[in-house]
Amino acid sequence: MNVFSAQSHRTQLILAAVSASLLTSGLFTAYNAYSRRERRRGLDRDILKSIADQNEGSKQHLRPNDDELLDEQMIRIGANGHNEELIREQLARCYAFFGDEGMARIREKSVVVVGCGGVGSWVAVMLVRSGVSKIRLVDFDYVTLSSLNRHATAVLADVGTPKVGCIERTLKQISRCVEVDSRLEVWRKEDGGQLLDGADWVIDAIDNITTKVDLLKYCHEHHIKVFSSMGASAKTDPTRIQISDISYTMYDPLARSVRRRLRLQGVSSGIPVVYSTEVPGDVKLLPLPEEEFQKGAVKELGVFDDFRVRILPVLGSLPSLFGLHIATYILCEMAGKPILNPLPIKNRKKLYERLLRDLLHRESKFIGEPINKLPIDEDDVALIFEDLHLGRSVVPPHAVPAHPTLLRWDPTKPLTLENCVVFESTEAEKHVRECLTPRTEEAHPRKTPGAVWGDEVQAVVERHIGDVAKYRTWVGL
């Protein structure tokens, strides 16, 4: 009996221990489930309250309660306005990428963004998301309904309010330690130094060419680092977006104008830019109502001198990509990990120089006297070779030439973009012999290019003439 009693007692103890363990485990499980439910309910309440507050605030034009809410959040975070541990957690991926030293550099830098539209707004947002804590926003413009297809922060409630204001609101929602200085102003060279005071980097995202050139020249003369955005309008191909020095830009009409004006003022290089090598297709300026033309010259209808009046079509994603290119370049520079040699999409500069030099030599022989300058330049050579002929010979089967050569097509017409084609060197010799006999050698009569190369090649040349006409319309030549 005693044996059975002892065994029964041990069994009871084991069962009691197991029951207690199960009960404890069940209590912990129930408590954890309850805690999760309560946290979820609390989060739901916070989200609903946030939505309600936002809806209520959107009814008020100037959103007067935003600053008060932010002040309350700052007080809860700490007496110094931020909690370093939370900031490092928020920027953990950036710290992992740039390291402590690199992030320390980024966080102490000051950036000025001039032009806060489709490009500038994206630059500002990504810089602050990546740790920049001092930023000045400069723009005189207001949010319109048409701004919403490309602006980084503007929403319907912001229509009619300053662009710098809606960006500032978003930046303060992203980072609790950012210092935002919003200026509803136009940058002018007469007093531009005040707006650029203390800047480590200046971002030029201005549409107006005169102001853009003035800003770039000012920064260059005063040794202020500046990065400029060229034209994102009427472009669709993201693979053509490129970062390069201003001196290497091609095809972009804004870049061409800026480059030439800067060169006249003694600035030929040293300014990084983002631009696209894409030559737009069938895109046109949006039409103006007839009554606007009746008011006088269109160029006189702008609010400011040289600010465009007619609107270019723009795919909203392209300005954002321009802005992200700029932000990435600037962040790497500030962190001490610069992009030393941006990979060019198309920059076979030595090839273009050789093609142009060879064309100059052949034109001199054709005319019968030395000439110093052709009516086309290296940008035009790149357009003819890359975009019109796609790096191939005009003669079927349109092979990639081992020794490409540019030649005048029709000897009866002047050398222009429309009247210049790509040949393989052997084809070029035939074209010279049959069609471009020098004027002093009339023993061998010239033939027409169509008679030498056939209707198929002539059709290709005529198609290229149409493409050049579109390009001239886009560039404004």
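**Entry 1: the cores**

I started with the largest nonpolar core, which has 49 residues in this predicted model. Val114, Leu196 and Val202 have the most contacts inside that core. Next I looked up which elements give two or more residues to this core, and I got β1, α8 (209-221), α9 (253-264), β7 (272-276), α12, α13 (378-388), β9 (420-424) and α16 (455-475). A separate core of 46 residues lies apart from it, and Ala154, Val164, Leu171 and Ala327 are among its members. My textbook note to self: in soluble globular proteins, nonpolar side chains tend to be buried together.

Then I picked Leu196 and asked which residues it touches, not counting residues up to four places away in sequence. The list is Val112, Val114, Arg136, Trp187, Val202, Leu215, Tyr218, Cys219 and Ile224. I noted Val112 and Val114 there, since I wanted their strand next.

**Entry 2: strand β1**

How many residues of β1 are buried? I found 5 of the 5, so the strand is largely enclosed by the rest of the structure. I also checked which way the residues point: Ser110, Val112 and Val114 go one way, while Val111 and Val113 go the other. Both sets are buried.

For the neighbour strand, I found that β1 and β2 run parallel and that 5 bridges join them. One partner pair I wrote down is Val111 with Ile135 of β2.

**Entry 3: Lys109, just ahead of β1**

Lys109 sits in the loop between α4 and β1 (110-114). Is Lys109 buried or partly exposed? I got a relative accessible area of 22%, so I put it down as partly exposed, given that buried means under 20%. Leaving out residues up to four places away in sequence, Lys109 touches Val132, Ser133, Lys134, Asp200 and Met334. I also looked up Leu331: its C-alpha is 10.0 Å from that of Lys109, though the two are 222 residues apart in sequence.

**Entry 4: the bent helix α4**

Helix α4 made me stop. It has 17 residues, but its end C-alpha atoms are only 17 Å apart. A straight helix would reach 24 Å at 1.5 Å a residue, and α4 falls short of that. Where is the kink in α4 centred? I found it at Gly99, with an angle of about 110°.

I listed the buried residues of α4 too: Cys94, Tyr95, Phe98, Gly102, Met103, Ile106 and Arg107. The spacing reminded me of a rule: an α-helix has 3.6 residues a turn, so residues three or four places apart point the same way. What covers these buried residues includes α3, α5 (120-129) and α11 (317-334).

**Entry 5: salt bridges**

I counted 20 salt bridges in the structure. The basic idea I jotted down is that side chains of opposite charge can pair when their charged atoms come close. I followed three pairs and a network.

First pair: Arg88 with Asp100, where the closest N and O atoms are 3.0 Å apart. Arg88 is in helix α3 (residues 84-90) and Asp100 is in helix α4 (residues 92-108), so this pair links distant parts of the chain, 12 residues apart. Arg88 counts as partly exposed, at 33% relative accessibility.

Second pair: Asp158 with Arg169, with the closest N and O atoms 2.7 Å apart. Asp158 lies in the loop between β2 (134-138) and α6 (163-174), and Arg169 is in helix α6, so the pair ties together parts that are 11 residues apart in sequence. Are these two buried or exposed? I found Asp158 buried, with a relative accessible area of 3%, and Arg169 is buried as well, at 15%.

Third pair: Glu429 with Arg362, the closest N and O atoms being 3.1 Å apart. Glu429 is in helix α14 (residues 425-435) and Arg362 in helix α12 (residues 349-367), 67 residues apart. Here Glu429 counts as partly exposed at 39% relative accessibility, whereas Arg362 counts as buried at 18%.

The network: salt bridges link Arg136, Asp181, Arg183 and Glu185. I had already met Arg136 in the list of residues that Leu196 touches.

**Entry 6: Gly454**

Last lookup. Gly454 is in the loop between α15 (449-453) and α16. Gly454 counts as partly exposed, at 24% relative accessibility. Val395 is 59 residues from Gly454 in sequence, and their C-alpha atoms are 9.4 Å apart in space.

Technical notes. Residues are numbered from 1 along each chain as its sequence is written. This is a predicted model: local features need pLDDT of at least 70, side-chain atom pairs count only at pLDDT 80 or more; totals for chains, interfaces and linings use all residues. Side-chain values use heavy atoms; hydrogens and water are left out. A salt bridge is a side-chain nitrogen of Lys or Arg within 4 Å of a carboxyl oxygen of Asp or Glu. Helices (H or I, at least four residues) and strands (E, at least two) are DSSP runs, numbered from the N terminus. Buried means under 20% relative accessible area, exposed over 50%, partly exposed in between (1.4 Å probe, protein chains only). The expected span of a helix is 1.5 Å times one less than its number of residues. The bend at a residue is the angle between axes fitted to the seven residues ending there and the seven starting there. Contact means heavy atoms within 4.5 Å. A nonpolar core is a set of buried Ala, Val, Leu, Ile, Met, Phe, Trp, Tyr and Cys residues joined through side-chain atoms within 4.5 Å. Two strands pair if DSSP finds at least two bridges between them.
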